[in-house]
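This briefing is meant to be read beside the sequence and the model. It takes up the domains and their interface, then the ligand site, and then some points of backbone geometry.

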Amino acid sequence: MKIAVLPGDGIGPEIVAQAVKVIKAMNIGAEMEEAPIGGAGYEAAGDPLPAATLKLAKEADAVLLGAVGDWKYDTLPRDMRPERGLLRIRKELNLFANLRPAVLYPELASASTLKPEVVSGLDIMIVRELTGDIYFGQPRGISTLENGEREGINTMRYNESEIRRIGRVAFDIAMKRNKKVCSVDKANVLETTELWRQVMIELAKEYPQVELTHMYVDNAAMQLVRAPKQFDVMVTGNIFGDILSDEASMLTGSIGMLPSASLDENNKGMYEPSHGSAPDIAGKNIANPLATILSVAMMLRYTFNMAAQADRLEQAVGRVLAKGVRTADIYTEGTTKVSCSEMGDAVVAAL
Ligand code: IPM
Ligand code: MG
């Protein structure tokens with residue numbers, strides 16, 4: 001098992017260091033090799049996705065990523081910005097299926113900004129398409145019109161096969177859960193997502209046991225805070241999934257808790273927290289490493305087929321939370337506030 005470790009920017013190195021500590025403590029015989037990406041890639045090799053980093057990621061069985069981005073790179077040409085490195089590695093590795101679970105640990109019910117009764121028992125899986133849509137569609141760019149005014153263009157597009165393969169991922173996951181898929185679109189306005197809906201309906205015929213429903217994205221955003229427990233698996237395109245997964249994360253108390261997996265057709269995957277690089281708190285050793293540590297559990301489950309080890313790690317995290325150990329983002333009165341590295345140590349101890 002070879003894992004490419006890409007810490008990235010901001011809090012990336014701090015949280016990844018905790019995940020690496022946990023992987024070592026688990027003694028599963030994983031080989032790890034580190035490489036720069038994002039702003040760190042730009043600093044090291046003048047490219048947010050250096051060729052050597054891409055090569056390492058392609059050769060590895062799985063990739064563990066921290067986060068990319070820092071304000072100081074916002075003025076670089078677009079292709080040199082950290083986010084481009086992330087988008088390119090997703091595309092290069094064909095990681096079209098992004099799984100973002102929003103699960104509420106019972107101990108954190110009071111850390112959510114929503115009422116405990118609205119979120120307790122929450123267990124949603126958001127399946128976000130990751131290599132298509134307005135993120136990658138051509139034409140794109142900013143140009144100057146004949147009258148001298150500037151115009152920005154992005155193109156939302158999906159072909160059938162892209163929709164079908166992400167649909168399949170969602171239906172297969174639903175079969176292992178509560179057998180409900182809610183497909184989120186904007187079919188009342190956007191043709192791209194009208195096709196999305198048609199393909200989902202066709203695909204559902206192959207999964208007679210799964211109940212397929214459809215929801216417009218604006219309504220889905222509202223339902224997620226009104227009654228989130230109505231959802232089991234949600235499947236949606238790249239841009240809607242980006243937005244809805246951030247929203248869903250807050251149901252669980254903190255975006256610092258949410259792991260993610262990005263998989264290709266063969267379950268090779270890149271694993272990263274759903275949150276960003278948080279440059280405002282970088283280097284302070286106060287970030288929550290649990291999303292990254294839980295991403296390791298997803299890696300064990302989805303790429304390495306080590307379900308028992310994945311359970312073991314998730315249970316260790318549960319025990320740490322049950323003891324009242326909290327980083328600042330999930331701290332509530334009566335619990336114990338710890339640093340990022342102390343949280344990593346607590347998980348290792350619980351293992
Ligand atoms: C995410 C992030 C990225 C995205 C950014 C950093 C490019 O927000 O993984 O959700 O938009 O996909
Ligand atoms: Mg996002």
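**Two domains and a bound ligand**

In this predicted model, 33 residues of domain 1 are in contact with 31 residues of domain 2. The domain assignment gives domain 1 as 1-96 + 266-351 and domain 2 as 99-263, and the C-alpha centres of the two domains lie 22 Å apart.

**The interface between the domains**

- The size of an interface is often given as the accessible area lost when the parts come together.
- By that reckoning, domain 1 and domain 2 bury about 2,800 Å² between them, with 61% of this area on carbon and sulfur atoms.
- On the side of domain 1, Phe-96, Ser-274 and Met-298 supply 27% of the area buried against domain 2, which is more than any other three residues supply.
- Zero salt bridges are counted between domain 1 and domain 2, whereas twelve residue pairs are found in polar contact across their interface, with both residues of each pair at pLDDT 80 or more.
- The elements that give two or more residues to the side of domain 1 touching domain 2 are helix 4 (82-92), strand 12 (269-273), helix 10 (290-302) and helix 11 (307-322).
- Helix 10 provides the largest share of that side of domain 1, namely six residues.
- Sorted by class, the side of domain 1 that touches domain 2 holds 15 nonpolar, ten polar and eight charged residues.

**The surroundings of ligand 1**

- Which residues surround ligand 1? They are Glu-83, Leu-86, Arg-90, Arg-100, Arg-128, Tyr-135 and Asp-242.
- Oxygen atoms of ligand 1 take part in several short distances to side chains: a polar side-chain atom of Arg-90 lies 2.7 Å from one such oxygen atom, and an N or O atom in the side chain of Arg-100 is 2.8 Å from an oxygen atom of the ligand.
- For Asp-242, a polar side-chain atom lies 2.9 Å from an oxygen atom of ligand 1.

**Salt bridges**

- A search of the whole structure finds 19 salt bridges, and one of them joins the side chains of Arg-128 and Asp-242, with a distance of 3.9 Å from N to O.
- This pair links distant parts of the chain, since Arg-128 belongs to strand 5 and Asp-242 to helix 9 (residues 238-251), 114 residues apart.
- Arg-128 and Asp-242 are also both among the residues that surround ligand 1.

**Backbone geometry**

- Most residues other than glycine have a negative phi, and most peptide bonds are trans.
- Against that background, a cis peptide bond joins Gln-138 and Pro-139, with omega at about -5°, and Pro-139 is placed in the loop between strand 5 (123-129) and strand 6 (141-144).
- Ala-278, a residue other than glycine, has a positive phi near 40°, and its place is in the loop between strand 12 and helix 10.

Definitions and conventions
Residues numbered from 1 in each chain as written. Chains lettered and ligands numbered in written order. Predicted model: local features only at pLDDT ≥ 70, side-chain atom pairs only at ≥ 80, totals over all residues. Heavy atoms only, no water. Domains from an automatic or database assignment. Contact = heavy atoms within 4.5 Å. Buried area = accessible area lost by both parts, 1.4 Å probe. Salt bridge = Lys/Arg side-chain N within 4 Å of Asp/Glu carboxyl O. Polar contact = N/O pair within 3.5 Å; in protein donor to acceptor, adjacent residues only side chain to side chain. Helix = DSSP H or I, 4+ residues; strand = E, 2+ residues; numbered from the N terminus. Nonpolar A, V, L, I, M, F, W, Y, C, P; charged D, E, K, R; others polar. Near = heavy atom within 4 Å.
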